[in-house]
Structures are given as C-alpha cells and as structure tokens.
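Colleague: Could you take a close look at one part of this protein for me, the sheet, and then tell me what surrounds it? I would enjoy a connected account rather than a list.

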Amino acid sequence: MKLVGKLVGVFRTATDLTQAQLADRVRVQVETIASIEQGRRALLPDLARQLDELLETKGALETAVENMPEVDLIPAWAEQYMDLERTALALCFFANQVLPGLLQTENYARAVFDSRVPAFSREEIDAHVGNRLERQEILRRKLPPTTSFIISEGVVLAPLGGAVVYEETLRHLRACADLPGFTLQVMPLARTNHAALDGPFILVETPDYQRIAYTETQRGSQLISDPDEISILAQRYAMLRTQALNTEETRDLLDRLLGEQ
C-alpha cells in the first residue's frame, strides 16, 4: 500500500497537480488522496483506472493494484465498505458474533485480533487496532451519522479478553447508550423466534439517500445494492427492533451486568 501510494504521489507531482486538485478531478475527498499517498488506505481498482487515465500512466496503477499481495493490510472489499461508512448518513448494525468495530474498545479490538487463526504478528495487530480506532472518529464528529445497533445478548455476555477487558467493554457500551443519535438494543438469548437467523448484516444510508447493505463471511464479504435485497434486509431489521430489548431495557441490562462485576 505504501509503494502504490508513493506511485500516486510521484505521478500526481509529475503533472503539477495538488492533492486537492486531483481529488476534485476524480470526485473524491482530498483526505482520500492523502490517505492513499501515505499508504494508510488501499487504492481501489476503479479509482486506479481513473487515475491512470487522468495522469496518463498507461495502466501502471491498475497493474500495481491487481498485483497487491494478498497479505496486505486491508482487503479491497473491506475498504469499499469503510469508504461508505465514513460518509454515511445512517448506519444500522445487527451483530451476533462479535461487537461491531465502531463499538470496540482498544483492548477488545486487540483481543479480537489476538484470536485470529492463523495468528497476526504484533505489528499487524497494532496496525489493525489503530485502523479500527480511527474508524470510530465518525461517532465523534460534530454531526455524526445516526447509528442503530442490535447486538445479541451472547456477544454482550462473552468475556472476550478476560475479566478486566470485559468490564471495560460493558462500561464503554453503557456510555455509548447515552450518546445522542445513538441507539443500542440487545437481542435476548431467550427469544423463541428471530428475524435474522441468516447472520449479521449492516445497512448504510449514503449522502445521496441510497441504501446499501454489507455482509461478511469467514473469507470475504458482499456489498448489496439490489433494491429487492435491500428491502428484505430492511424488513428484517425492522422486525429485529421489535424483538430486541428496547433502549431503556438495554441500559438496565448493562447496569445489572456492571453491578455483578
């Protein structure tokens, strides 16, 4: 990623364009170009083709992206979702395996990456944790996105990382539950029916009011834009909200769990 970013910077400078001018011509934010050039964000294939055409680099960037090592930090499919997340007007999460990245503390995130098989190196874990915490900046913006989280009680009860990390996680969730524009609901394990047995998913509302869905599997992910599929997932999310504890009940549950620590 750093090598590709350096290439973008070299080609941009050769055409006497600033980062802002290049961003304007390819219709992305200047922060996107800056992050790519610094090696903090992957250059996606579509943008690589645009830059090759604009900078007249004869396919050099597209070729570099196509031959990016599989072990690179952030897969392109995840980067596409994170681009949507950064600019979203609204985000809706259903999670039944692990807390969504936006809700993870540093120690919880470290426990998640420590659990990975095959194992990450210490340097890779540090990099992944840093990126995860950086994503959470959207919740601290002056105008943050409207966010809704429905989390399985099993995730909330799991002491990932040990007792100290678990208590820290519960306190963090309890604090988040009081944030404006933020909704947190727990799905009880004792429910006898469930609208999302197929697994976790995310609904994203974009700045132009389109809805996109995102799902992850063990070895990949899927961005969904088909209106029929989005409608199905939106219906499921609406049903999940009626089946989960409401926000007050969720806060009470967290208070009880904290009292048991």
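Modeller: Happily; what follows begins with the sheet, moves to one of its edges, and ends with the empty spaces. Please keep in mind that this is a predicted model.

Let us start with the layout. The sheet is an open one, built from 6 strands in the order 3-2-1-4-5-6, and its pairing is mixed. At the edges stand strand 3 (182-187) and strand 6 (220-224); each has a single partner strand, so one side of each has no neighbour in the sheet. On average, neighbouring strands are turned by 10 degrees against each other, direction ignored.

Both kinds of pairing can be followed strand by strand. Strand 1 (residues 90-95) and strand 4 (residues 201-205) run antiparallel and are joined by 5 bridges. One place to see this is A90, whose bridge partner in strand 4 is E205. Helix 11 (residues 227-243) packs on the sheet and touches strand 1, strand 2 (146-152), strand 3, strand 4, strand 5 (211-217) and strand 6. The direction of helix 11 makes about 110 degrees with that of strand 4. Strand 2 and strand 3, by contrast with the antiparallel pair, run parallel, with 6 bridges between them. Here S152 has M187 of strand 3 as its bridge partner.

Now for the edge itself: is strand 3 buried or exposed? Of its 6 residues, 6 are buried, so strand 3 is largely enclosed by the rest of the structure, even though one of its sides is without a neighbour in the sheet. F182, L184 and V186 point one way from the strand, while T183, Q185 and M187 point the other way, and all of them are buried.

One residue that meets this edge strand is T250, which lies in helix 12 (residues 247-259). Setting aside neighbours within four places in sequence, T250 is in contact with L184, Q185, V186 and L245. Among these partners, L184 and V186 point one way from strand 3 and Q185 the other way. T250 is itself buried, and its relative accessible area is 0%.

Next come the empty spaces. The structure holds 1 cavity of 30 Å³ or more, and the largest cavity has about 40 Å³ of space. Its lining is made up of L99, Y108, V155, V156, A158, Y166, T169, L170 and L173. Helix 9 (153-157) and helix 10 (163-176) are the elements that give two or more residues to this lining, and helix 10 supplies the largest share, 4 residues. By class, the cavity lining has 8 nonpolar residues, 1 polar residue and no charged ones.

The second largest pocket holds about 910 Å³ of space. It is lined by 31 residues, of which T32, R41, M82, D83 and R86 are the closest to its centre. Helix 3 (30-37), helix 4 (45-55), helix 6 (76-87) and helix 8 (122-135) each supply at least two residues of the pocket lining. Helix 6 gives the largest share of that lining, with 8 residues. Its classes divide into 11 nonpolar, 7 polar and 13 charged residues, whereas the lining of the largest cavity has no charged residues.

Notes:
Residues are numbered from 1 along each chain as its sequence is written. This is a predicted model: local features need pLDDT of at least 70, side-chain atom pairs count only at pLDDT 80 or more; totals for chains, interfaces and linings use all residues. Side-chain values use heavy atoms; hydrogens and water are left out. Buried means under 20% relative accessible area, exposed over 50%, partly exposed in between (1.4 Å probe, protein chains only). Contact means heavy atoms within 4.5 Å. Two strands pair if DSSP finds at least two bridges between them. Axes are lines fitted to C-alpha atoms, for helices over the stretch in contact, and angles run from 0 to 180 degrees between N-to-C directions. On a 1 Å grid over the protein atoms alone, a cavity is a set of points where a 1.4 Å probe fits but cannot get out, and a pocket is an open set with protein on both sides within 12 Å along at least five of seven lines; lining residues have an atom within 4 Å of a point. Grid points are joined across faces, edges and corners, and a volume is the space filled by probe spheres set on the points. Ala, Val, Leu, Ile, Met, Phe, Trp, Tyr, Cys and Pro count as nonpolar, Asp, Glu, Lys and Arg as charged, and the others, Gly among them, as polar.
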